[in-house]
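Good morning, colleagues. Today I should like to present one structure and discuss how its strands and helices are arranged.

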Amino acid sequence: MVKRMFRWFMTACLATTTTLALAYDGGANIDDVTLDYYLPQNVTYDPSVPKPADVLGFEVGQWHVRPEQILRYLEVLAQHSDRVQLAHFGYSHERRPYVMAKVSAASNKDRLEEMRLAHLAVSDPTQNVDAKAAPLVISLGYSVHGDESSGANASLITAYYLAAAQGEEIDAWLENTVILIDPVMNPDGLARFAQWANQYRSMTPNADRNHIEHQQGWMRGRQNHYWFDLNRDWLLLQHPESVARIEAYQRWMPNVLTDHHEMGTDATYFFQPGIPSRKNPLTPDENVKLTERLAEYHAAALDEIHSIYYTEESFDDFYYGKGSSYPDAQGTIAILFEQASSRGHVQDSVNGVVTFPYTIRNQFVTSLSTVRGSHENREWLLDFQQRFFKENLELARAERFDGYMLKESSDPARLHELLNILRQHQIDAYPVTESFTVNNRTYRPGEAYWVPLRQRNFRLLKGAFTTRQDFPDNTFYDVSAWTLPYAFNVEFEQLRTNRRFRVSDQAWQAPEAFTPNSLTDTNVGYVFSWEPYFAPRVLSHLLQQGIHARLAPDAMTVRTPEGDQAYNRGAVIVTRAYQQKPWREVRETLAQLADANRIRVHTITDGLTPTTGMDIGSGSIRPIAEPRVMIVVGDGVNFQESGEAWYYLDRHVNLPVTMVETTRLGRVDLSRYTHIILVDGNYGPINEAQRTRINQWVRSGGTLIGQKGGARWMANHNLLAANVVSQDKFREQFPTEGLSYGDRSDYFGQQRVAGAIFNTQLDLTHPLTVGITREQLPVFKNSTMAFEPNAAPFVDVARYTDDPVLAGFTSEGNRKVIGGKSAMVAHRLGAGRVIGFSDNVNFRAYFWGTSKLMSNAIFWSNYALGTPADEAEEAEAALDLAH
């Protein structure tokens, strides 16, 4: 355990009286709180610096501040203090500014850029600067979860203290240090929660945890605009808030970074180090030692104000996509703080009443203890950071391979997004400049990129590409695998440079300019492939603009001005026939959409194809109507998975989606919609009458798509003809004989699928796999759900391979049960279709490799003609009638 260091220097900073602490902690009226409750009492403050209440109109802790109030206070602070400057890094989804405050001594006001460059030299392994003399950089980050708002509110007091405090200590802190304040890492979520908490605040505080103020609705403030957990996006960079944050991080490379959160109301206060056995093995042990050293300062500070706390019993530092672990892979000491939440203004707990001011004060106190501890250990921190990056080059040299070769030949968009993520993390990838073959795989310019191990960010690169499957501790707080190439379904392999291949001297920065499509006039039409990632987006826009399009489910060859052009299954054809708009307008619209999405379109010169197979007028090439999609949300539905489906269809497909709550579903006219999506959930609020309506809607021609719990619900109610693998089969793999109580954690850990990446085998002849060119497709799996192989033919679209795990931890028992089972099924039901996924195909928005399956389930569902065995005769009769 961390040894507490009782240093009397804390009395100069935190001499708050016990009486005041107990008064507020006991639930006194929060309207009585003043700034003195938070601040050290024997420190003088510059009276020319505005206090938070001067700008807010209330004391911090009386109301929940909104993002725009925080921004306004920082703007005023920068106007009145030579210590403070603001930097703008971007916007949230809802267009709220993403800003950071830069704090240093007034004498450094005009030399912050000079200090930044001097500090960055420490993390450059090619330089040999005097690290101990370099500027120290500390980043204080707050409330990446919007409803964990004590951090964001504490940022106001922290900023005031750093701007206004006077004395030798603050002068020493700021002399050769830059402190970055990231006041609200999730502006949209914080705004949502502040509105919730404030709108239910009473003049007389109500601490009853059943009070609506403490019980958010289904749409909570934790997540961002699209209902994503931004604390899982540091590595993945799928949201503008994360892109802005990582730009700031890489620009400054702080020595210490804090990540202030909240946890359950009945807890106390946590700070790292976390569970020792759950550290990422790429993170050096010295990182933990430095974390322990800084923990002594937090302990002393909290002891001084009589706040209790704990360390090492919770949380891990394994997944490199969180705020307390991403920096660990880059020479920064990242520290997670977790405060028991008031989740409102005052709330009962097993420890007594938890007040909002009390939670804010703990976060403020540990912000100062972080600065103090960092200042007093600055030489160690800077020396560690310098050695960290130099060691990266040595560690890379010691590996048995020299780098990763990436390859994607059919869809540049997925490859480019992967390269773009690497670039933002300062990881270099170099274009291959000539074709070569190794291990029976050919790499060509434009399709292949070399990512060498021996570069500055070796550990982060190794962590992003890891396929590790065995771990000392098999219990994971989040996920055990996140391999980026698998997520983007990009081929990759480890190579030695003695294979003799040539790459560019310049690292990839952005895709080459796209040569615009030149669509000549034609009497027939135009065609584009479904293989590019954004092909569904182009089709979606065409249909929304009333342009007639047709889908070709089989491979075909067409005549073009450039010669015969072969297309794999899934071409989209825009024919001159059946258009309701002027042909010139159709051609111009198609060209603009295709150019914007970097999709090549060919002009068809002849309705007869040059080979056997479908001609342009074939009955197999059917028109596609504009989909009208509903996502069921609300009580009983997984909040984040709903957001992931919404995000994909909205941002990547630009398809309008209607979101309807489970409690309102019974009042909605289902005939308005062609597709209904049920993501993970239990769907308890859907009653029998509503189930009957859904069944009738499907049989009348609708398509019902279920994912995980949604597919299970469909199977349980005879909508999906698939048997979910029984939990008994899994339990049989984990005998309990001879277990002691000490085996309990490992026993349950073995039964979980701890966020791993599995391999599936696709039926590439099935219409729901169009646009995918390789038989094996990695999927993200975080549950034991799978389907038994279907007895009827043509129903199973994808199955897990016999040895299914590609990366991450999955016990042998779970591997045995899941291997060979079905992962995706689809069949007719009356005149409609039902499609079931056992996994989340839109996981965290970065699994671009599997998200195409969701578009296929929408645009290509009518081509799925598989029939359950017990409905074969009925379906055949309906098919005959249709013909």
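I shall describe two sheets in turn, together with the helices that lie on them. Please keep in mind that this is a predicted model.

Let me begin with the sheet of 7 strands. This sheet is open, its pairing is mixed, and its strands follow the order 1-2-4-3-5-7-6. Which strands stand at the edges? They are strand 1, residues 84-91, and strand 6, residues 269-271; each has a single partner strand, so one side of each is left without a neighbour in the sheet. On average, neighbouring strands here are turned by 20° against each other, direction ignored.

Within this sheet, strand 3 (residues 136-142) and strand 5 (residues 256-263) run parallel and are joined by 5 bridges. For Ser-139, the bridge partner in strand 5 is Leu-257. Helix 3, residues 67-80, lies across strand 1 and strand 2 (97-103), and runs at about 145° to strand 1.

I turn now to the other sheet. It is open as well, with 4 strands in the order 11-14-10-15 and antiparallel pairing. Because strand 11 (430-431) and strand 15 (491-495) each have a single partner strand, one side of each is left without a neighbour in the sheet. Strand 10, residues 403-407, runs antiparallel to strand 15, and 5 bridges join the two. Lys-407 has Glu-491 as its bridge partner in strand 15.

Two helices deserve mention here. Helix 12 (residues 412-424) packs on the sheet, touching strand 10 and strand 14 (448-452), and its direction makes about 25° with that of strand 14. Helix 13 (residues 458-465) lies across strand 10, strand 14 and strand 15, at about 50° to strand 10.

Definitions and conventions: Residues numbered from 1 in each chain as written. Predicted model: local features only at pLDDT ≥ 70, side-chain atom pairs only at ≥ 80, totals over all residues. Heavy atoms only, no water. Pairing = 2+ DSSP bridges. Axes fitted to C-alpha atoms, helices over the stretch in contact; angles between N-to-C directions. Contact = heavy atoms within 4.5 Å.
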